Amino acid sequence: MRRRSSLLARVAGAILLTTASIGAAVMLLSEQIVEGQRHQDLLHRAELVAATQADALSGPVWELDNRSAERMIEALTVRDPAIRSIAVFESDREEPLARTSSGDIGDGAGRITVERPIVLHGREGRVQTVGHLRIVYSTAEVRQATLNALLPVAGLLLLSLLGAMAALGLTLNRMVLRPLRRLTQLASAMARGDYGARMDAGRSDEIGVLADGFNRMAATVQDHTSTLESRVRERTEALAATNRAIMDSINYAQLIQSAILPSADALSAGLTEHFVLWRPRDVVSGDFYVCREVADGFVVAVADCTGHGVPGAFMTMTASAMLNNALDQMGADDPAAVLAAVDRKVRAALHQEGKARSGMDCFDNGLDLGLCHIRPADGRLVFAGARVPLLMVTGGEVTELRGDRLSLGYRPTASGPAPEDAPGTAPGTSESPFTNHSIALRPGQTFLIGTDGLVDQNGGEHGRSFGRSRLRQLLSQGGDGPLDRLKSDLESSLDRFQGNREQRDDITLFGFRVRLTDAAAVSGAGSSRYAA
């Protein structure tokens with residue numbers, strides 16, 4: 001995360017750096033000027049002292065009085081601490097007549113050497129040079145004097161800098177930073193949804209222009225937000241009303257669909273036990289089941305129509321009407337013929353008799369159907385299926401009767417040839433392409449007929465389908481027990497397997513046991529095979 005820095009600190013840093021640079025340059029220049037002046041002053045003083053002292057030494061040098069000369073130059077050294085050495089020479093000798101020194105002549109300070117001739121003035125106005133004077137001055141006091149002169153200037157400059165920075169910081173904070181902080185707070189308030197935030201705009205400078213622009217922007221955002229919220233509220237209310245109307249219609253359609261399903265009395269009339277596992281993927285289902293009486297027994301059927309939800313529910317109404325119409329006209333003695341009749345009726349009702357010739361004719365719907373004709377008096381069950389199997393559980397053993405690999409109602413090109421045009425069927429004949437399976441009923445047998453929604457449901461750790469093998473295992477374990485418990489086991493197993501995954505299709509599983517007459521029960525108990 002990038003660290004935030006204060007604008008005041010950055011401005012103060014820039015001012016401090018600039019001022020320090022300028023102050024340092026000024027101090028260096030002042031040092032050069034002051035040091036030069038002090039150096040010139042020292043040089044003038046040295047020349048003046050040398051000239052005065054040379055006149056005073058003319059007598060002793062003329063008289064070769066080295067003691068007097070030494071006393072004079074020692075007194076001069078005491079009076080002027082800047083003098084490092086004084087030497088008095090005679091005109092015709094290299095060795096000094098008198099010499100004295102003060103301090104360390106070899107120190108690191110600079111040196112100024114002044115030489116003056118020692119002149120003797122006679123009474124007749126004669127001038128004679130009798131020697132010369134050499135004085136060496138140290139420039140250490142020049143450096144010290146320069147520092148002493150610049151220290152007050154440096155202190156004043158530092159105080160001025162601190163005062164200027166304090167005044168500038170207060171001014172910058174009051175005129176710039178405080179309005180910017182206020183602007184930041186208002187922007188954060190707007191981000192939280194407080195669109196009524198405004199900034200004082202009484203100034204005419206750049207900050208005032210910024211405040212005025214912010215206020216106009218806030219007003220625009222508030223106006224647009226209010227308009228948008230109003231429109232969203234209106235449309236939400238409209239969508240909610242539309243959704244309520246749609247859901248009311250779908251819920252009412254669910255009541256209508258439930259009305260075509262068999263009642264509890266119809267299910268209990270010929271069945272010892274039964275259960276129905278019916279789970280629509282949506283409110284209404286594309287599956288339906290039938291249990292109705294016929295002349296010599298009753299019929300149990302399960303159908304899986306194209307689609308689910310509302311389209312699937314429309315198909316269930318059509319397919320249910322066609323199935324009941326075929327049973328009313330033909331009876332249930334030949335389930336295979338009933339399937340063929342339903343196929344013809346659905347295709348005729350949906351105008352799907354011929355092949356699709358254009359995009360407008362691509363509407364193609366149908367159903368899979370399993371149909372059982374149960375005759376308790378004869379102890380027989382006849383089954384025919386269009387892609388719907390029948391499962392039997394007898395003594396813990398699960399047997400599956402597969403339906404024919406033909407669906408009902410689709411165009412001939414959708415799922416192969418039409419049933420009446422299937423291989424082995426002469427065109428125009430009434431012979432059915434579906435197969436009847438006749439089964440001898442035995443006491444305690446459990447039959448299950450259902451759609452593929454259960455076995456195709458995804459779940460588990462890897463998202464695979466529930467599968468037929470898992471279903472057969474559950475049936476072999478509980479198929480001979482009470483059907484209520486079997487239904488509970490199936491539901492709990494499906495729920496655990498499905499987990500949080502969505503249901504992908506409608507689920508229908510109809511399980512039942514047939515109530516046999518005494519004669520049929522005795523006959524069924526003596527037979528252990530079924531005929532196809």
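**Entry 1: Asp282 and Arg281**

I looked up Asp282 and Arg281 in this predicted model, and I found that their side chains meet in a salt bridge, with 3.6 Å from N to O. I then asked how far each partner is open to the surroundings. Asp282 has a relative accessibility of 34% and therefore counts as partly exposed. Arg281 also stands at 34%, so I entered Arg281 as partly exposed. The limits I applied are under 20% for buried and over 50% for exposed.

I noted the general principle beside this entry: side chains of opposite charge can pair when their charged atoms come close.

**Entry 2: Arg279 and Asp495**

I next examined Arg279 and Asp495, whose side chains form a salt bridge of 3.0 Å, taken from N to O. Which parts of the chain does this pair link? I found Arg279 in strand E5 (residues 271–279) and Asp495 in helix H10 (residues 483–498), so that distant parts of the chain, 216 residues apart, are linked. I recorded Asp495 as partly exposed, because its relative accessibility is 39%.

**Entry 3: Asp343 and Arg347**

I turned to helix H8 (residues 335–349), which holds both Asp343 and Arg347. The two residues are 4 positions apart, about one turn of the helix. They form a salt bridge in which the closest N and O atoms are 2.9 Å apart. Are these partners buried or exposed? Asp343 has 1% relative accessibility and so counts as buried. Arg347 is likewise buried, because its relative accessible area is 4%.

I also traced a network: Glu400, Arg402, Arg468 and Arg472 are joined into one by salt bridges that share partners.

**Entry 4: the count**

How many salt bridges does the structure hold? I recorded 11 for the structure.

**Entry 5: the largest pocket**

I then looked up the largest pocket, which holds about 440 Å³ of space. I noted the idea behind such a search: rolling a probe the size of a water molecule over the atoms shows where empty space is left.

Which residues lie nearest the centre of the largest pocket? I listed Arg387, Val388, Pro389, Glu400 and Arg468, from a lining of 21 residues. Strand E13 (446–450) and helix H9 (468–478) are the elements that give two or more residues to this lining. I sorted the lining by class and entered 9 nonpolar, 3 polar and 9 charged residues.

I marked Glu400 and Arg468 for a second look, since they belong to the salt-bridge network and also lie among the residues nearest the pocket centre.

Notes: Residues numbered from 1 in each chain as written. Predicted model: local features only at pLDDT ≥ 70, side-chain atom pairs only at ≥ 80, totals over all residues. Heavy atoms only, no water. Salt bridge = Lys/Arg side-chain N within 4 Å of Asp/Glu carboxyl O. Buried < 20%, exposed > 50% of the residue type's maximum accessible area, 1.4 Å probe, protein only. 1 Å grid on protein atoms, 1.4 Å probe; cavity = no way out; pocket = protein on both sides within 12 Å on 5 of 7 lines; lining within 4 Å. Points joined across faces, edges and corners; volume = space filled by probe spheres on them. Nonpolar A, V, L, I, M, F, W, Y, C, P; charged D, E, K, R; others polar.
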